[in-house]
Amino acid sequence: MASSLCPPFPSSCSTSSSSLSLSSRPRFIHNHTSCIPAASASNIVRCEVSNSLNGKPLVPVINDGALSNFLQVGRPNHTLVNGKLKLFSGTANSELSKEIARYMGLDLGMIDIKRFADGEIYVQLQESVRGCDVYLVQPTSPPANENLMELLVTIDACRRASAKNITAVIPYFGYARADRKTQGRESIAAKVVANLITQAGADRVLVCDFHSGQSMGYFDIPVDHVYCQPVILDYLASKSISSNDLVVVSPDVGGVARARAFAKKLSDAPLAIVDKRRHGHNVAEVMNLIGDVKGKVAVMLDDMIDTAGTISKGAELLHEEGAREVYACCTHGVFSPPAIERLSSGIFQEVIVTNTIPLKEQHYFPQLTVLSVANLLGETIWRVHGDSSVSSIFT
(Lines give C-alpha, C1' and ligand atoms only; values in the text may rest on other atoms or scores of the structure.)
Protein backbone atom coordinates (compact mmCIF):
# COMPACT_ATOMS: atom_id res chain seq x y z
CA MET A 1 0.00 0.00 0.00
CA ALA A 2 1.86 3.05 -1.31
CA SER A 3 5.01 1.31 -0.17
CA SER A 4 7.15 3.03 -2.80
CA LEU A 5 6.27 6.42 -1.35
CA CYS A 6 5.81 5.58 2.30
CA PRO A 7 7.92 2.76 3.70
CA PRO A 8 6.58 1.46 7.00
CA PHE A 9 8.24 2.20 10.28
CA PRO A 10 10.32 -0.67 11.68
CA SER A 11 8.25 -3.10 13.68
CA SER A 12 10.63 -2.63 16.59
CA CYS A 13 9.25 0.90 17.01
CA SER A 14 6.14 -0.43 18.68
CA THR A 15 5.21 1.17 21.98
CA SER A 16 3.95 -2.03 23.53
CA SER A 17 5.52 -2.93 26.87
CA SER A 18 4.90 -5.46 29.54
CA SER A 19 5.03 -2.75 32.19
CA LEU A 20 2.32 -0.57 30.64
CA SER A 21 -0.76 -1.59 28.71
CA LEU A 22 -1.64 0.45 25.64
CA SER A 23 -5.29 -0.15 26.36
CA SER A 24 -5.18 2.91 28.59
CA ARG A 25 -2.35 4.93 27.02
CA PRO A 26 -1.92 6.66 23.67
CA ARG A 27 1.02 5.87 21.43
CA PHE A 28 3.65 8.49 20.75
CA ILE A 29 5.85 7.89 17.73
CA HIS A 30 8.80 10.27 17.59
CA ASN A 31 10.82 9.89 14.41
CA HIS A 32 13.59 12.23 15.50
CA THR A 33 17.24 11.38 15.19
CA SER A 34 20.16 11.53 17.56
CA CYS A 35 22.26 14.67 17.97
CA ILE A 36 24.34 14.29 14.83
CA PRO A 37 24.25 16.39 11.66
CA ALA A 38 21.53 15.30 9.27
CA ALA A 39 24.02 14.97 6.45
CA SER A 40 25.82 12.15 8.24
CA ALA A 41 22.76 10.34 9.55
CA SER A 42 22.81 6.58 9.24
CA ASN A 43 20.02 4.60 7.61
CA ILE A 44 19.98 2.08 10.44
CA VAL A 45 17.22 2.50 12.99
CA ARG A 46 17.32 1.14 16.50
CA CYS A 47 14.38 1.77 18.79
CA GLU A 48 14.04 1.39 22.49
CA VAL A 49 11.26 2.33 24.86
CA SER A 50 11.89 5.05 27.40
CA ASN A 51 10.95 4.57 31.03
CA SER A 52 7.48 5.50 32.17
CA LEU A 53 7.48 8.72 34.18
CA ASN A 54 4.66 9.79 36.47
CA GLY A 55 2.18 7.60 34.64
CA LYS A 56 2.88 9.18 31.25
CA PRO A 57 2.82 6.98 28.15
CA LEU A 58 5.93 5.23 27.00
CA VAL A 59 7.67 6.97 24.13
CA PRO A 60 9.70 5.09 21.49
CA VAL A 61 13.00 6.90 20.96
CA ILE A 62 14.93 6.42 17.74
CA ASN A 63 18.61 6.52 18.57
CA ASP A 64 20.14 6.38 15.09
CA GLY A 65 19.19 8.63 12.19
CA ALA A 66 16.93 7.38 9.45
CA LEU A 67 15.06 9.25 6.77
CA SER A 68 11.80 8.29 5.15
CA ASN A 69 11.87 8.15 1.37
CA PHE A 70 9.84 11.34 0.98
CA LEU A 71 12.51 13.29 2.89
CA GLN A 72 15.30 12.00 0.67
CA VAL A 73 13.82 13.28 -2.60
CA GLY A 74 16.05 16.00 -4.00
CA ARG A 75 17.90 16.13 -0.71
CA PRO A 76 21.21 18.07 -0.84
CA ASN A 77 24.09 17.72 1.58
CA HIS A 78 23.25 20.01 4.46
CA THR A 79 25.95 22.33 5.69
CA LEU A 80 25.81 25.55 7.65
CA VAL A 81 26.22 28.63 5.51
CA ASN A 82 29.07 30.48 7.25
CA GLY A 83 27.91 28.90 10.52
CA LYS A 84 25.15 31.49 10.67
CA LEU A 85 22.05 29.40 11.38
CA LYS A 86 20.41 29.87 14.78
CA LEU A 87 17.41 27.90 16.03
CA PHE A 88 15.36 29.29 18.92
CA SER A 89 12.29 27.95 20.67
CA GLY A 90 9.37 29.71 22.27
CA THR A 91 7.52 28.19 25.19
CA ALA A 92 4.48 26.91 23.25
CA ASN A 93 6.02 23.61 22.08
CA SER A 94 9.54 23.24 23.42
CA GLU A 95 9.58 19.44 23.00
CA LEU A 96 9.03 19.72 19.25
CA SER A 97 11.78 22.35 19.07
CA LYS A 98 14.20 20.01 20.83
CA GLU A 99 13.39 17.22 18.37
CA ILE A 100 13.98 19.55 15.43
CA ALA A 101 17.32 20.56 16.91
CA ARG A 102 18.29 16.89 17.34
CA TYR A 103 17.50 16.16 13.74
CA MET A 104 19.50 19.13 12.53
CA GLY A 105 22.43 18.40 14.81
CA LEU A 106 22.18 21.83 16.41
CA ASP A 107 21.79 23.20 19.90
CA LEU A 108 18.80 25.39 20.59
CA GLY A 109 19.75 29.03 21.01
CA MET A 110 19.84 30.46 24.50
CA ILE A 111 16.88 32.70 25.21
CA ASP A 112 15.20 34.08 28.32
CA ILE A 113 11.39 34.23 28.16
CA LYS A 114 9.38 35.08 31.22
CA ARG A 115 6.07 36.57 32.32
CA PHE A 116 5.73 39.53 34.61
CA ALA A 117 3.18 39.49 37.41
CA ASP A 118 0.69 41.40 35.25
CA GLY A 119 1.04 38.87 32.39
CA GLU A 120 3.34 40.90 30.14
CA ILE A 121 5.97 38.92 28.23
CA TYR A 122 9.71 39.60 28.47
CA VAL A 123 12.17 38.19 25.91
CA GLN A 124 15.96 38.50 25.84
CA LEU A 125 18.33 36.58 23.58
CA GLN A 126 21.24 35.16 25.57
CA GLU A 127 23.62 34.95 22.61
CA SER A 128 24.54 37.04 19.58
CA VAL A 129 22.50 36.66 16.38
CA ARG A 130 24.10 39.51 14.45
CA GLY A 131 24.21 38.60 10.76
CA CYS A 132 22.58 35.20 11.39
CA ASP A 133 19.64 33.39 9.80
CA VAL A 134 17.33 32.93 12.77
CA TYR A 135 14.51 30.36 12.93
CA LEU A 136 11.94 30.77 15.72
CA VAL A 137 9.77 27.75 16.50
CA GLN A 138 6.52 28.88 18.11
CA PRO A 139 3.02 27.60 17.28
CA THR A 140 0.15 29.93 18.07
CA SER A 141 -1.81 27.14 19.71
CA PRO A 142 -4.03 27.60 22.77
CA PRO A 143 -3.68 29.93 24.57
CA ALA A 144 -3.51 31.51 21.12
CA ASN A 145 -3.28 35.16 22.11
CA GLU A 146 -0.49 34.60 24.62
CA ASN A 147 1.57 32.42 22.28
CA LEU A 148 1.05 34.83 19.39
CA MET A 149 2.23 37.77 21.49
CA GLU A 150 5.28 35.79 22.58
CA LEU A 151 6.12 35.10 18.93
CA LEU A 152 5.80 38.78 18.02
CA VAL A 153 7.99 39.94 20.92
CA THR A 154 10.62 37.30 20.11
CA ILE A 155 10.70 38.34 16.45
CA ASP A 156 11.18 41.94 17.58
CA ALA A 157 14.03 40.94 19.88
CA CYS A 158 15.80 39.20 16.99
CA ARG A 159 15.28 42.16 14.68
CA ARG A 160 16.69 44.58 17.24
CA ALA A 161 19.66 42.21 17.75
CA SER A 162 20.56 42.66 14.05
CA ALA A 163 19.60 39.20 12.79
CA LYS A 164 20.11 39.00 9.02
CA ASN A 165 16.96 36.97 8.31
CA ILE A 166 14.16 35.94 10.66
CA THR A 167 11.94 32.96 9.84
CA ALA A 168 8.90 32.30 12.00
CA VAL A 169 8.38 28.53 12.14
CA ILE A 170 4.72 28.17 13.09
CA PRO A 171 3.70 24.49 13.27
CA TYR A 172 0.11 25.53 14.06
CA PHE A 173 -1.19 28.86 12.76
CA GLY A 174 -3.91 30.13 15.07
CA TYR A 175 -6.80 32.20 13.70
CA ALA A 176 -6.45 30.30 10.41
CA ARG A 177 -10.17 29.51 10.33
CA ALA A 178 -11.03 33.21 10.26
CA ASP A 179 -9.77 33.45 6.68
CA ARG A 180 -12.83 34.96 4.96
CA LYS A 181 -16.10 36.74 5.59
CA THR A 182 -19.06 34.39 5.75
CA GLN A 183 -21.42 37.04 7.13
CA GLY A 184 -21.57 40.80 7.12
CA ARG A 185 -19.44 42.85 9.54
CA GLU A 186 -17.05 39.97 10.33
CA SER A 187 -13.30 40.37 10.73
CA ILE A 188 -10.71 38.38 8.77
CA ALA A 189 -8.44 37.65 11.71
CA ALA A 190 -6.01 35.50 9.68
CA LYS A 191 -5.04 38.61 7.69
CA VAL A 192 -4.64 40.65 10.89
CA VAL A 193 -2.28 38.03 12.35
CA ALA A 194 -0.31 37.88 9.09
CA ASN A 195 0.13 41.65 9.21
CA LEU A 196 1.28 41.52 12.84
CA ILE A 197 3.93 38.88 12.12
CA THR A 198 5.19 40.83 9.10
CA GLN A 199 5.30 44.17 10.89
CA ALA A 200 7.08 42.62 13.88
CA GLY A 201 10.02 41.93 11.56
CA ALA A 202 9.71 38.40 10.18
CA ASP A 203 11.29 37.91 6.75
CA ARG A 204 9.74 34.51 6.06
CA VAL A 205 7.07 32.25 7.53
CA LEU A 206 7.06 28.44 7.62
CA VAL A 207 3.65 26.96 8.49
CA CYS A 208 2.31 23.40 8.73
CA ASP A 209 -1.00 22.73 6.97
CA PHE A 210 -2.90 25.98 6.72
CA HIS A 211 -6.64 25.61 7.21
CA SER A 212 -7.00 26.90 3.66
CA GLY A 213 -4.34 27.67 1.09
CA GLN A 214 -5.61 31.20 0.57
CA SER A 215 -4.09 32.19 3.92
CA MET A 216 -0.67 32.18 2.25
CA GLY A 217 -1.79 35.20 0.25
CA TYR A 218 -2.36 37.23 3.40
CA PHE A 219 1.39 37.50 3.94
CA ASP A 220 3.50 40.06 2.08
CA ILE A 221 6.62 37.97 2.79
CA PRO A 222 7.61 34.50 1.48
CA VAL A 223 5.62 31.59 2.94
CA ASP A 224 6.71 27.94 2.95
CA HIS A 225 3.67 25.71 3.36
CA VAL A 226 4.72 22.41 4.91
CA TYR A 227 2.31 19.56 4.21
CA CYS A 228 2.30 16.95 6.98
CA GLN A 229 0.41 14.34 4.96
CA PRO A 230 3.61 12.39 4.15
CA VAL A 231 4.13 11.72 7.87
CA ILE A 232 0.61 10.30 8.21
CA LEU A 233 0.93 8.36 4.94
CA ASP A 234 4.20 6.89 6.17
CA TYR A 235 2.45 5.62 9.29
CA LEU A 236 -0.61 4.27 7.47
CA ALA A 237 1.71 2.38 5.13
CA SER A 238 2.82 0.32 8.12
CA LYS A 239 -0.75 -0.88 8.65
CA SER A 240 -1.75 -4.28 7.30
CA ILE A 241 -4.72 -2.87 5.41
CA SER A 242 -5.44 -4.01 1.87
CA SER A 243 -5.57 -1.15 -0.59
CA ASN A 244 -8.77 -2.65 -1.97
CA ASP A 245 -10.46 -2.12 1.41
CA LEU A 246 -9.52 1.53 1.78
CA VAL A 247 -11.66 4.60 1.22
CA VAL A 248 -10.59 8.14 2.08
CA VAL A 249 -13.36 10.32 3.48
CA SER A 250 -13.53 14.10 3.58
CA PRO A 251 -15.55 15.20 6.63
CA ASP A 252 -16.90 18.21 4.72
CA VAL A 253 -17.06 19.64 1.22
CA GLY A 254 -14.32 22.17 1.99
CA GLY A 255 -11.76 19.41 2.55
CA VAL A 256 -12.36 17.54 -0.72
CA ALA A 257 -9.18 18.79 -2.42
CA ARG A 258 -7.09 17.77 0.59
CA ALA A 259 -8.71 14.34 0.78
CA ARG A 260 -8.39 13.77 -2.97
CA ALA A 261 -4.64 14.47 -2.88
CA PHE A 262 -4.30 12.16 0.13
CA ALA A 263 -6.27 9.38 -1.57
CA LYS A 264 -4.15 9.63 -4.70
CA LYS A 265 -1.00 8.95 -2.71
CA LEU A 266 -2.71 6.21 -0.71
CA SER A 267 -2.77 3.69 -3.57
CA ASP A 268 -5.24 5.92 -5.41
CA ALA A 269 -7.98 4.95 -2.95
CA PRO A 270 -11.61 5.88 -3.70
CA LEU A 271 -13.05 9.05 -2.19
CA ALA A 272 -16.20 9.67 -0.17
CA ILE A 273 -17.59 12.98 1.09
CA VAL A 274 -19.66 13.78 4.14
CA ASP A 275 -22.15 16.57 3.44
CA LYS A 276 -22.85 18.62 6.53
CA ARG A 277 -24.69 21.77 7.43
CA ARG A 278 -23.23 24.01 10.13
CA HIS A 279 -25.68 25.92 12.32
CA GLY A 280 -23.09 27.80 14.37
CA HIS A 281 -19.44 27.94 15.38
CA ASN A 282 -18.21 24.54 16.65
CA VAL A 283 -21.64 23.05 15.89
CA ALA A 284 -22.08 20.69 12.94
CA GLU A 285 -24.88 18.49 11.69
CA VAL A 286 -24.27 15.64 9.26
CA MET A 287 -26.77 15.38 6.43
CA ASN A 288 -25.72 12.61 4.04
CA LEU A 289 -22.83 10.68 2.49
CA ILE A 290 -21.56 10.89 -1.07
CA GLY A 291 -19.75 7.67 -2.00
CA ASP A 292 -19.64 4.02 -0.94
CA VAL A 293 -18.04 2.88 2.33
CA LYS A 294 -19.85 -0.41 2.93
CA GLY A 295 -17.43 -3.05 4.19
CA LYS A 296 -14.50 -0.64 3.82
CA VAL A 297 -11.86 0.78 6.14
CA ALA A 298 -12.63 4.50 6.13
CA VAL A 299 -9.81 6.99 6.68
CA MET A 300 -11.21 10.39 7.59
CA LEU A 301 -8.82 13.26 6.90
CA ASP A 302 -8.96 16.84 8.16
CA ASP A 303 -6.44 19.57 8.88
CA MET A 304 -7.47 19.87 12.53
CA ILE A 305 -9.75 18.43 15.20
CA ASP A 306 -11.12 21.05 17.56
CA THR A 307 -14.27 19.97 19.40
CA ALA A 308 -14.48 16.85 17.16
CA GLY A 309 -18.13 17.54 16.34
CA THR A 310 -17.66 17.35 12.58
CA ILE A 311 -15.46 14.26 12.49
CA SER A 312 -17.36 12.29 15.15
CA LYS A 313 -20.75 12.83 13.54
CA GLY A 314 -19.19 11.90 10.23
CA ALA A 315 -17.83 8.69 11.75
CA GLU A 316 -21.28 7.80 13.11
CA LEU A 317 -22.69 8.21 9.62
CA LEU A 318 -19.94 6.02 8.15
CA HIS A 319 -20.78 3.24 10.60
CA GLU A 320 -24.45 3.57 9.71
CA GLU A 321 -23.51 3.21 6.05
CA GLY A 322 -21.62 -0.03 6.76
CA ALA A 323 -17.99 1.01 7.21
CA ARG A 324 -15.96 -1.77 8.86
CA GLU A 325 -13.49 0.51 10.65
CA VAL A 326 -13.01 4.26 10.86
CA TYR A 327 -9.66 6.01 11.30
CA ALA A 328 -9.42 9.73 12.03
CA CYS A 329 -6.33 11.54 10.77
CA CYS A 330 -5.41 15.18 11.20
CA THR A 331 -2.36 17.40 11.54
CA HIS A 332 -3.46 19.61 14.41
CA GLY A 333 -5.05 18.12 17.52
CA VAL A 334 -6.58 21.18 19.19
CA PHE A 335 -8.90 19.00 21.32
CA SER A 336 -11.17 21.60 22.87
CA PRO A 337 -13.86 20.13 25.16
CA PRO A 338 -15.75 17.88 24.58
CA ALA A 339 -13.38 16.47 21.94
CA ILE A 340 -11.85 13.76 24.15
CA GLU A 341 -15.24 12.33 25.12
CA ARG A 342 -16.29 12.17 21.47
CA LEU A 343 -13.04 10.70 20.15
CA SER A 344 -12.76 8.04 22.88
CA SER A 345 -16.38 6.91 22.60
CA GLY A 346 -15.46 3.86 20.52
CA ILE A 347 -16.48 5.04 17.05
CA PHE A 348 -12.85 5.31 15.93
CA GLN A 349 -10.41 2.45 15.52
CA GLU A 350 -7.57 4.96 15.88
CA VAL A 351 -7.15 8.72 16.05
CA ILE A 352 -3.89 9.82 14.41
CA VAL A 353 -2.53 13.34 14.96
CA THR A 354 0.86 15.03 14.84
CA ASN A 355 2.71 16.96 17.52
CA THR A 356 2.34 20.42 15.97
CA ILE A 357 0.33 21.19 19.12
CA PRO A 358 1.61 19.82 22.45
CA LEU A 359 -0.90 17.50 24.12
CA LYS A 360 -1.53 17.56 27.84
CA GLU A 361 -2.08 14.43 29.88
CA GLN A 362 -5.82 15.08 30.10
CA HIS A 363 -5.90 14.77 26.31
CA TYR A 364 -4.69 11.16 26.34
CA PHE A 365 -7.09 8.36 25.43
CA PRO A 366 -6.52 4.75 24.30
CA GLN A 367 -7.12 5.24 20.57
CA LEU A 368 -4.73 8.18 20.24
CA THR A 369 -1.51 7.97 18.24
CA VAL A 370 0.80 10.99 17.97
CA LEU A 371 3.30 11.26 15.10
CA SER A 372 6.26 13.61 15.17
CA VAL A 373 6.82 16.17 12.40
CA ALA A 374 10.26 17.13 13.73
CA ASN A 375 12.20 15.51 10.88
CA LEU A 376 9.94 17.11 8.31
CA LEU A 377 10.33 20.57 9.81
CA GLY A 378 14.06 20.12 10.35
CA GLU A 379 14.55 19.06 6.74
CA THR A 380 12.50 22.01 5.52
CA ILE A 381 14.58 24.44 7.59
CA TRP A 382 17.78 22.96 6.14
CA ARG A 383 16.48 23.40 2.61
CA VAL A 384 15.32 26.96 3.19
CA HIS A 385 18.69 27.83 4.73
CA GLY A 386 20.55 26.24 1.82
CA ASP A 387 18.31 27.75 -0.89
CA SER A 388 17.21 24.26 -1.96
CA SER A 389 13.82 23.04 -3.14
CA VAL A 390 11.17 22.53 -0.48
CA SER A 391 8.36 21.45 -2.79
CA SER A 392 10.34 18.37 -3.88
CA ILE A 393 9.62 16.86 -0.45
CA PHE A 394 5.92 16.67 -1.25
CA THR A 395 5.90 15.76 -4.94
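Reader: What phi does Gly105 take just after α2?

Author: This is a predicted model. In it, Gly105 has a positive phi of about 70 degrees, just after α2.

Reader: Which residues of α2 are buried?

Author: Helix α2 covers residues 94-104. Its buried residues are Leu96, Ser97, Glu99, Ile100, Ala101, Tyr103 and Met104.

Reader: And what covers them?

Author: The cover over the buried residues of α2 includes strand β4 (85-89), strand β7 and helix α9.

Reader: On to the core. Which residues have the most contacts inside the largest nonpolar one?

Author: They are Leu87, Ile100, Met104, Leu236, Phe262, Leu377 and Ile381. That core has 45 residues. Ile100 and Met104 are also among the buried residues of α2.

Reader: Which helix gives the most to this core?

Author: Helix α9, residues 374-385. It contributes six residues.

Reader: What else is there in the way of cores?

Author: There is a second, separate core of 31 residues. Val293, Leu343, Val351 and Leu359 are included in it.

Reader: Back to α9. Which strands does it lie across?

Author: Helix α9 lies across β4, β7, β8, β9 and β10. It runs at about 155 degrees to β9.

Reader: In what order do those strands sit in the open sheet?

Author: The order is β4-β7-β8-β9-β10, and the pairing is parallel.

Reader: Which are the edge strands?

Author: β4 and β10 (223-226). Each pairs on one side only.

Reader: How many degrees are neighbouring strands turned against each other on average?

Author: In this sheet, 15 degrees, with direction ignored.

Reader: Pick one pair. How many bridges join β8 and β9?

Author: Four bridges, in the parallel sense. Strand β8 is residues 165-170 and strand β9 is residues 204-208. Thr167 stands opposite Arg204 in β9.

Reader: New topic, the hairpin. How many residues lie between β5 and β6?

Author: Five residues. Gly119 in the turn has a positive phi of about 95 degrees.

Reader: In what sense do those two strands pair, parallel or antiparallel?

Author: Antiparallel, over five bridges. Strand β5 is residues 111-115, and strand β6 is residues 121-125. Ile111 has Leu125 in β6 as its bridge partner.

Reader: Now the backbone oddities. What is usual for phi and for peptide bonds?

Author: Most residues other than glycine have a negative phi, and most peptide bonds are trans.

Reader: Okay. What omega does the cis bond from Pro142 to Pro143 have?

Author: Near -5 degrees. Pro143 is in the loop between β7 (133-137) and α3 (144-160). Another cis bond runs from Pro337 to Pro338, with omega near 5 degrees. Pro338 is in the loop between β15 (325-333) and α8 (339-343).

Reader: What is phi at Ser267?

Author: About 60 degrees, so it is positive although Ser267 is not a glycine. Ser267 lies in the loop between α6 (256-265) and β12 (271-280).

Reader: And at Asp268, what is phi there?

Author: Near 50 degrees, again a positive value in a residue other than glycine. Asp268 is also in the loop between α6 and β12.

Reader: Buried or exposed, that Asp268?

Author: Exposed, because Asp268 has 59% relative accessibility and the cut-off for exposed is over 50%.

Reader: And how does Ser267 rate for relative accessible area?

Author: Ser267 is at 32%, so it counts as partly exposed.

Conventions:
Residues are numbered from 1 along each chain as its sequence is written. This is a predicted model: local features need pLDDT of at least 70, side-chain atom pairs count only at pLDDT 80 or more; totals for chains, interfaces and linings use all residues. Side-chain values use heavy atoms; hydrogens and water are left out. Two strands pair if DSSP finds at least two bridges between them. A nonpolar core is a set of buried Ala, Val, Leu, Ile, Met, Phe, Trp, Tyr and Cys residues joined through side-chain atoms within 4.5 Å. Buried means under 20% relative accessible area, exposed over 50%, partly exposed in between (1.4 Å probe, protein chains only). Contact means heavy atoms within 4.5 Å. Axes are lines fitted to C-alpha atoms, for helices over the stretch in contact, and angles run from 0 to 180 degrees between N-to-C directions.
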